[in-house]
Amino acid sequence: QVQLVESGGGLVQPGGSLTLSCVASGSIGSIVMAWYRQAPGNSRKWVARISSLGTPFYVDSVKGRFTISRDNAKNTVTLQMNSLDPDDTAVYYCNRFDRPFNWGQGTQVTVSS
């Protein structure tokens, strides 16, 4: 079972940027990977996913602001987040898109002035 470790979260002001990183313990090169987020009181939902060849897809709420990328040689997935809004506040997780592995601890993103 692949283990996932997310990092890069923090406190940022509205309009700011953060870059989240995810490192997998095993090979994820052939897997569609995704970033998910879970806000307090809400279920965990995907916000960006990327195919094994690097084609990205986004939910409408983050389109144009978030960029997902991957490095298959390093088994990493990155989420660049710009123009952050308080509604982006959540714990962010990365995982396989279709059949998730065990969830990592996530990384907290708080957007507040």
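# Exercises on strand E10 and its surroundings

Strand E2 (residues 10–12) pairs with E10 in the parallel sense, over 3 bridges. The model used in these exercises is predicted.

**Exercise 1.** Place strand E10 among its partners, and state the sense of each pairing.

Solution.
- Step 1. Take E2 and E10: the two are parallel, with 3 bridges between them. One residue pair to look up is Leu 11, whose bridge partner in E10 is Thr 110.
- Step 2. Take strand E9 (residues 90–96): E9 and E10 run antiparallel and are joined by 3 bridges. Here Ala 90 has Val 109 of E10 as its bridge partner.
- Step 3. Put the two together: E10 pairs with E2 in the parallel sense and is joined to E9 in the antiparallel sense.

**Exercise 2.** Sort the residues of E10 (residues 107–111) by face, covered or uncovered.

Solution.
- Step 1. The covered face of E10 consists of Thr 107, Val 109 and Val 111.
- Step 2. The uncovered face holds Gln 108 and Thr 110.
- Step 3. Return to the bridge partners. Val 109, the partner of Ala 90, belongs to the covered face. Thr 110, the partner of Leu 11, belongs to the uncovered face.

**Exercise 3.** Describe the setting of Arg 44: which loop holds this residue, and which residues is it in contact with, leaving aside neighbours within four places in sequence?

Solution.
- Step 1. Arg 44 sits in the loop that lies between strand E4 (33–38) and strand E5 (45–50).
- Step 2. Its relative accessible area is 30%, so Arg 44 is classed as partly exposed; the class runs between the 20% limit for buried and the 50% limit for exposed.
- Step 3. With neighbours within four places in sequence left aside, the contacts of Arg 44 are Tyr 36, Arg 37, Gln 38, Tyr 93 and Trp 103.
- Step 4. Compare sequence and space for Arg 44 and Ala 90: they are 46 residues apart in sequence, and their C-alpha atoms are 9.4 Å apart.

**Exercise 4.** Characterise the whole protein by its elements, its radius of gyration and its burial.

Solution.
- Step 1. Count the elements: the protein has 10 strands and 0 helices.
- Step 2. Check the radius of gyration. A compact globule of 113 residues would have a value near 13 Å; the protein has 13 Å, so the two agree. The C-alpha atoms fill a box of roughly 40 × 25 × 20 Å along the principal axes.
- Step 3. Read the burial: 43% of the 113 residues count as buried.
- Step 4. Turn to contacts between residues at least 6 apart in sequence: 54% of these join residues at least 24 apart.

Note on methods:
Residues are numbered from 1 along each chain as its sequence is written. This is a predicted model: local features need pLDDT of at least 70, side-chain atom pairs count only at pLDDT 80 or more; totals for chains, interfaces and linings use all residues. Side-chain values use heavy atoms; hydrogens and water are left out. Helices (H or I, at least four residues) and strands (E, at least two) are DSSP runs, numbered from the N terminus. The radius of gyration is taken over C-alpha atoms; the globule rule is 2.2 Å times the number of residues to the power 0.38. Buried means under 20% relative accessible area, exposed over 50%, partly exposed in between (1.4 Å probe, protein chains only). Contact means heavy atoms within 4.5 Å. Two strands pair if DSSP finds at least two bridges between them.
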